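Biologist: I'd like a close look at one helix in this model, and then a walk through whatever surrounds it. Could you take me through it slowly?

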Amino acid sequence: MRFDAAVLRSYEDPFAVEEVILNAGPGEGEVLVRIAGCGMCRTDLAVRRSAGRSPLPAVLGHEGAGVVVETGGADTGLSAGDHVVLSFDSCGHCRSCLGAAPAYCDTFAALNLFGGRAENAARFTDAAGGALAPRWFGQSSFAAYAMVPARNAVRVDSALPLELLGPLGCGFLTGAGAVLNSFGAGPGDTVAVFGAGAVGLAAVMAATAAGAVVVAVDRHPERLALAEKFGAAALHAASGDLPDRIRRLTDGGARYALDTTGSAPLINDALRSLRPRGHLGLVARLHSELPLETGTLDRGRRLSHICEGDAVPALMIPRLTGLWQAGRFPFDQLIRTYPLIDINEAEADCEAGRVVKPVLIP
């Protein structure tokens, strides 16, 4: 079959929406999905800075949602017509996957970031027959269709706004999962969120839904306004006494802090804002050394990296849609939609901070 997709051919060039070819139907354990919408995540855009580790040309996109068109057998657990949200890929049989921690799959990087599954890779080509990289995050959903392992696809209620649900498979799952899974935050807990982008605002919404006291830190006034709308106290990142102000707002310090920025100064501020035995989680990938200032890890404070919100997508995505239906996780208010043909405009708006979460509509 032939369909349109956004192809990235080099690390410097814009995306090109062009015809691609899928030369075979779904194999065992796979499903073919007609994409209704796909979120644009900063991990997609980071490919441009990946120093050649992510193979090109490729179709990116890993926050897809759509309708199952065809399945590769009854063992997929899905049927044609099912509405699904697509999440990250995992092998399903390593110790982490068997231990309900698929985000820490032994082959996570290989499957999701550096080439994808090698099986049947050659069946996906451009119109001239040139090979495209195997599926990005198991999906490559900047496209009208995506071939995915059924393990990636989570069935959702057909009454939900399908074209908006894709970011629940990664960005929103990461922020909300960090709060609900990694921290286990609940009523009366205190949570400080550093960075009010898509991941950070999802964390704010989840913490508010959990009954926690929330403080959000960012440098963009419009994003701080959103954080306040979702129930957080807002502080500008340039505040000179940031840790002291957070401690005052959280009655002696935050029990939990989440950094989405990867900024060493803000990470140190986050550690200083914690109460004794507090926990700081990092979700951004660090690209340089992280110097920790003296005393920041004293008194039982701890620091960890959190991948994909410690989530099992098949459990977390229904939880988030349930919260949305109850009016407690209004993720749709962070989304702006763009036609797929306008993907480069969406990228520019995302990079400039003019939009929190772009969603591309084929």
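How many of the 12 residues of H5 are buried?

Modeller: Quick caveats first. This is a predicted model, with residues numbered from 1 along each chain as its sequence is written; local features need pLDDT of at least 70, and side-chain atom pairs count only at pLDDT 80 or more, while totals for chains, interfaces and linings use all residues. Side-chain values rest on heavy atoms, with hydrogens and water left out.

Now your helix. H5 is mostly covered, with 11 of its 12 residues buried (under 20% relative accessible area; exposed is over 50% and partly exposed is in between, using a 1.4 Å probe and protein chains only). The buried set runs through Ala198, Val199, Gly200, Leu201, Ala202, Ala203, Val204, Met205, Ala206, Ala207 and Ala209. Helices and strands here are DSSP runs (H or I, at least four residues, for helices; E, at least two, for strands), numbered from the N terminus. H5 covers residues 198-209 and reaches 16 Å from its first C-alpha to its last, close to the 16 Å expected (1.5 Å times one less than the number of residues). After H5 comes Gly211, with a positive phi near 90°.

What does H5 pack into? The largest nonpolar core has 107 residues, a core being a set of buried Ala, Val, Leu, Ile, Met, Phe, Trp, Tyr and Cys residues joined through side-chain atoms within 4.5 Å. Phe142, Leu165, Phe172, Phe329 and Phe331 touch the most other members of that core. H5 supplies the largest share of this core, 10 residues. A second core, apart from that one, has 16 residues, including Phe194, Leu235, Leu266 and Leu282.

Phe331 brings us straight back to your helix: skipping neighbours within four places in sequence, Phe331 is in contact (heavy atoms within 4.5 Å) with Met205, as well as Leu164, Leu165, Leu168, Phe172 and Trp324. Leu168 turns up again with Thr321, which touches Leu160 and Leu168 when residues up to four places away are not counted. Thr321 sits in helix H9 (residues 313-325) and counts as buried at 8% relative accessibility.

Leu266 of the second core has a story too. Leu266, Asp269, Arg272 and Ser273 in H8 meet Leu242, Pro243, Ile246 and Arg247 in H7. The axes of H7 (residues 242-249) and H8 (residues 264-273) come within 8 Å and cross at roughly 35°; axes are lines fitted to C-alpha atoms, for helices over the stretch in contact, with angles from 0 to 180 degrees between N-to-C directions. That crossing is right-handed (the near helix is turned clockwise from the far one by less than a right angle; anticlockwise would be left-handed).

On to the charged pairs. There are 17 salt bridges in the structure, each a side-chain nitrogen of Lys or Arg within 4 Å of a carboxyl oxygen of Asp or Glu. Glu347 pairs with Arg48, the closest N and O atoms being 2.7 Å apart. Glu347 belongs to helix H10 (residues 343-352) and Arg48 to the loop between H1 (42-45) and S4 (58-59), so this bridge ties together parts 299 residues apart in sequence. Glu347 counts as buried, at 9% relative accessibility.

Asp189 and Arg255 meet at 2.9 Å, N to O. Asp189 is in the loop between H4 (171-183) and S10 (190-194), and Arg255 is in strand S13 (residues 254-259), 66 residues apart. Asp189 is buried at 12% relative accessibility, whereas Arg255 is partly exposed at 39%. Elsewhere, shared partners join Arg9, Glu18 and Asp126 into one network of salt bridges. Within it, the Arg9 and Asp126 side chains meet at 2.9 Å, N to O.

Last, some backbone oddities to check. The Leu56 to Pro57 peptide bond is cis, with omega near 0°, and Pro57 lies in the H1–S4 loop. Two non-glycine residues have positive phi: Arg299, near 60°, and Glu308, near 50°. Arg299 is exposed, with a relative accessible area of 60%, whereas Glu308 counts as buried at 7%. Glu308 is in the loop between S15 and H9.
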